[in-house]
Amino acid sequence: MRGEEKAPLLRTRALSALVLVPLVALVVWTGGLLLALALTLVGLLAWRELVHMLRLKGYLPFARLGALLVVLFILAAYLLPAALLWGALVLALLGSLIYALFQAHPAPATDWALTFGGAAYLGLCLGHFLLLRHLPAGFRWLAVAILATWINDTVAYFVGSLWGRHRLWVRLSPKKTWEGLIGGLVVTALLGAWPFAGWLGLGPVWGALLGLLIGLTATFGDLVESMWKRQSGLKDSGHLIPGHGGMLDRIDSLLFIVPVVYYFAAWRIGI
């Protein structure tokens, strides 16, 4: 994409961000039920996009069951103690398998696997937003996860656009480059070692490690969504957010990052 073609897209992205950033900040700061409801809406919108992508290739996921599972996974993270989450997961797995027995699909086992896998991918990962927010200093940890993800993505995009020469994973994402990946890793590690580390009460070494984990995890989260889109022949998962594509396009990295940050934080806190 040439410079004159990029400018309108960047302006549209910036305008969307001006609306979304304060809204996301308010929801994360408030936490509790508001965050749970917001995540439920996000999960349902992303599930709708995922179902659309799968149907384009002739698959028939159980759309209503998947939506129910997404909601249940998110609400379980909000309502249940961590010790009961495994039980909720097993019950959802067994219940969804029983549901599949009664569906007259040509390939019900395949459709069940896509339904449960897709719903778990969205619902369980989004549920970790609530688990992270519930930790001591949870607002700070979740804010750092979201902010560092945005910084990493932005730096990787601009470094890759300006200096990217070596393709990272052509089969899934032909525009990603090693230069963009390294640029994002360096910046998030530096931010983790200093401003983020101080805010989270970490030493610079642990903060830098957190930054590196966020940078690496963001890349894999983005590539996983690219895998879904490549298989479906789509450039974006949807057109919900001007300049940013669909909901899944916006949360793909965070779906991987927030669970990683949660377990890192729980380990450092000693939970």
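How many salt bridges does the count come to in this structure? In the predicted model examined here, the count comes to three salt bridges, and the residues that form them are described below together with the helices and strands in which they lie.

One of these salt bridges is formed by Asp222 and Lys176, whose closest N and O atoms are 2.9 Å apart. Because Asp222 belongs to helix α9 and Lys176 to strand β2, the pair ties together parts that are 46 residues apart in sequence. With a relative accessible area of 18%, Asp222 falls under the 20% cut-off and therefore counts as buried, whereas Lys176, at 24%, is partly exposed. Strand β2 (residues 173-177), to which Lys176 belongs, runs antiparallel to strand β1 (residues 167-169), and two bridges join these strands. Arg167 has Thr177 of β2 as its bridge partner, and the connection from β1 to β2 is a hairpin through three residues.

A further salt bridge brings together the side chains of Glu225 and Lys229, with an N to O distance of 3.6 Å. Both residues lie in helix α9, and because they are four residues apart, about one helical turn separates them. Lys229 also forms a salt bridge with Asp249, in which the closest N and O atoms are 3.0 Å apart. This second pair links distant parts of the chain, since Asp249 is in helix α10 and Lys229 in helix α9, 20 residues apart. Through salt bridges that share partners, Glu225, Lys229 and Asp249 are joined into one network.

The members of this network are also described by their accessibility. Glu225, which lies in helix α9 (residues 204-232), has a relative accessible area of 1% and is buried; Lys229, at 11%, likewise counts as buried, and Asp249 is buried as well. When residues up to four places away in sequence are not counted, Glu225 touches Tyr121, Ser237, Leu248, Asp249 and Asp252. By contrast, Lys235, which is placed in the loop between α9 and α10, counts as exposed at 63% relative accessibility. Lys235 is 121 residues from Leu114 in sequence, and their C-alpha atoms are 21 Å apart in space.

Helix α10 (residues 247-269), which contributes Asp249 to the network, has 23 residues that should span 33 Å at 1.5 Å a residue, and the 32 Å between its end C-alpha atoms agrees with this expectation. The helix nevertheless bends by about 30° at Leu254. The residue that follows α10 is Gly270, with a positive phi near 95°.

Helix α4 (residues 85-101) has 17 residues and reaches 25 Å from its first C-alpha to its last, which is close to the 24 Å expected at 1.5 Å a residue. Its buried residues are Leu89, Ala92, Ser96 and Ala100; viewed down the axis of α4, these buried residues fall within an arc of 65°, so they line one face of the helix. The buried residues of α4 pack against α3 (63-79) and α5 (108-134), while the face turned away from the buried side carries the exposed residues Leu91 and Leu101.

Key: Residues are numbered from 1 along each chain as its sequence is written. This is a predicted model: local features need pLDDT of at least 70, side-chain atom pairs count only at pLDDT 80 or more; totals for chains, interfaces and linings use all residues. Side-chain values use heavy atoms; hydrogens and water are left out. Two strands pair if DSSP finds at least two bridges between them. The expected span of a helix is 1.5 Å times one less than its number of residues. Buried means under 20% relative accessible area, exposed over 50%, partly exposed in between (1.4 Å probe, protein chains only). The arc is that of the directions from the helix axis to the C-beta atoms. Contact means heavy atoms within 4.5 Å. The bend at a residue is the angle between axes fitted to the seven residues ending there and the seven starting there. A salt bridge is a side-chain nitrogen of Lys or Arg within 4 Å of a carboxyl oxygen of Asp or Glu.
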